[in-house]
Amino acid sequence: MIVYRDYDQAALDAQYNSRAMVPAPPRHIEARARDSEGVRAARPDARLDIAYGPGERERLDFFPAQPGAPLHLFIHGGYWRALDKANFSYPAAASASAGIAYAAINYPLAPRASVDGIVASVRRAVAWLIGHAGDLGVDPAGFSLSGHSAGGHLAAMVLADPALPRGAVRAVAPISGLYDLEPIRLSYLNGELGLDEAAARRNSPIHAAPSVRCPVLLAVG
C-alpha cells in the first residue's frame, strides 16, 4: 500500500534508515567522540555543561576565542532521539584557528520530549547565547549557527522563531536537514516522535516563514 508519494511503507522507511546506507557508521561516530575528547582535554578554558534552561539536557559547551570574537553554534543530529554534544566538540579546534568562538548544545530527546518541546529548547539556547554574549566575551552581532540532519531541521526552525530579534543571526548552515516532517510522521521514526499531522506541519521549515533574513548555506550530502 502506498503511504507517501510513490513509496510503500518499507520503501519510505528505507529512505530514513541512514545507518543502512553508510558503511560502518559506528566507526565515524567513535572517531568524532575520540577527537572531541581530545579537544576538550586541550582546552582548559572551555566552559562545559552551562545551563541555558531548566531541563536536564538543556546544557551547552562553550569554547572561547579572543575577546569580541564571533560565535558559532552547532546543533547535533540523531533524528531528535539520539547523540550528544560531547561528540561534537571537535569543530572547536578549526573554529578557534579561524578566530571564532564555538558552542555545542544538548536538547531534550524523543520520546521523552515532543518535537515541539525540542524546537522550543533549541530556540531557548539561541536566546540564552545572544543574551549572554557580553558574559561570554563574544560579539553579539557575530552569531551564526549550523546543524546536521535533525540539527539542520532545528537550525532552520530557529530562523522561524517569532521571538528572534531582527539581525540577531548573521548566517545559518543547515546540513542535510529535514525540512518536511510529513514523511517522517508516516515513517517508522514516528513511533518515538509521536507527530500528528498538525505537529508535523507546524514543525516543518517548508511551511514556516523566516522571522529574520540572513545568508543561508543549505548543504545536502
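Two strands count as paired if DSSP finds at least two bridges between them. Helices (H or I, at least four residues) and strands (E, at least two) are DSSP runs, numbered from the N terminus. This is a predicted model, in which local features need pLDDT of at least 70 and side-chain atom pairs count only at pLDDT 80 or more, while totals for chains, interfaces and linings use all residues. Residues are numbered from 1 along each chain as its sequence is written, and side-chain values use heavy atoms, with hydrogens and water left out.

## The sheet

The model has an open sheet of 6 strands in the order β3-β4-β6-β5-β7-β8, and the pairing is mixed. β3 (47-51) and β8 each have a single partner strand and stand at the edges, so one side of each is left without a neighbour in the sheet. Direction ignored, neighbouring strands of this sheet are turned by 25° against each other on average. Such angles are taken between axes, which are lines fitted to C-alpha atoms (for helices over the stretch in contact), and run from 0 to 180 degrees between N-to-C directions.

Three of the strand pairings can be followed through their bridges. β4 (residues 59-63) and β6 pair in the antiparallel sense over 4 bridges, with Phe62 opposite Ala103 in β6. β5 (residues 69-75) runs parallel to β6 and is joined to β6 by 5 bridges; here Phe74 stands opposite Ala104. β7 (residues 138-148) and β8 are also parallel, over 5 bridges, and Gly147 has Pro174 in β8 as its bridge partner.

How many residues of β6 are buried? In β6 (residues 101-105), 5 of the 5 residues are buried, where buried means under 20% relative accessible area, exposed over 50%, and partly exposed in between (1.4 Å probe, protein chains only). In a regular strand the side chains alternate between the two faces of the sheet. In β6, Ala101, Ala103 and Ile105 point one way and Tyr102 and Ala104 the other way, and all are buried.

## Aromatic rings

A pair of aromatic rings is described by the distance of the centres and the angle of the planes. Rings of Phe, Tyr and Trp (its six-membered ring) pair if their centres lie within 6.5 Å; planes under 30 degrees apart count as stacked, over 60 as edge-to-face and the rest as tilted. The structure holds 4 aromatic pairs, including the two in the table.

| Pair | Centre to centre | Angle between planes | Class |
|---|---|---|---|
| Tyr79 and Trp80 | 6.3 Å | 25° | stacked |
| Phe88 and Tyr90 | 6.4 Å | 35° | tilted |

In the stacked pair, Tyr79 is buried with a relative accessible area of 11%, and Trp80 is buried at 0%. In the tilted pair, Phe88 is buried at 6% relative accessibility, whereas Tyr90 is partly exposed at 33%. Phe88 and Tyr90 form one aromatic cluster together with Phe74, the β5 residue that stands opposite Ala104.

## Pockets and cavity

Open and closed spaces are found on a 1 Å grid over the protein atoms alone: a cavity is a set of points where a 1.4 Å probe fits but cannot get out, and a pocket is an open set with protein on both sides within 12 Å along at least five of seven lines; lining residues have an atom within 4 Å of a point. Grid points are joined across faces, edges and corners, and a volume is the space filled by probe spheres set on the points.

The largest pocket holds about 1,100 Å³ of space. Of its 34 lining residues, Ser18, Arg19, Tyr79, His148 and Ser149 are the closest to its centre. α1 (9-15), α2 (18-21) and α3 (25-42) each supply at least two lining residues, and α3 gives the most, with 4. The lining divides into 18 nonpolar, 11 polar and 5 charged residues. Here Ala, Val, Leu, Ile, Met, Phe, Trp, Tyr, Cys and Pro count as nonpolar, Asp, Glu, Lys and Arg as charged, and the others, Gly among them, as polar.

The second largest pocket holds about 240 Å³. It is lined by 15 residues, and Ala156, Leu159, Pro205, Pro210 and Val216 lie nearest its centre. α7 (150-159) and β8 (171-175) each supply at least two of the lining residues. By class, this lining has 14 nonpolar, no polar and 1 charged residues.

There is 1 cavity of 30 Å³ or more. Leu71, Leu129, Ile130, Ala133, Val138, Asp139, Pro140 and Phe143 line the largest cavity. α5 (115-131) and β7 give two or more residues each to this lining, and β7 gives the most, with 4.
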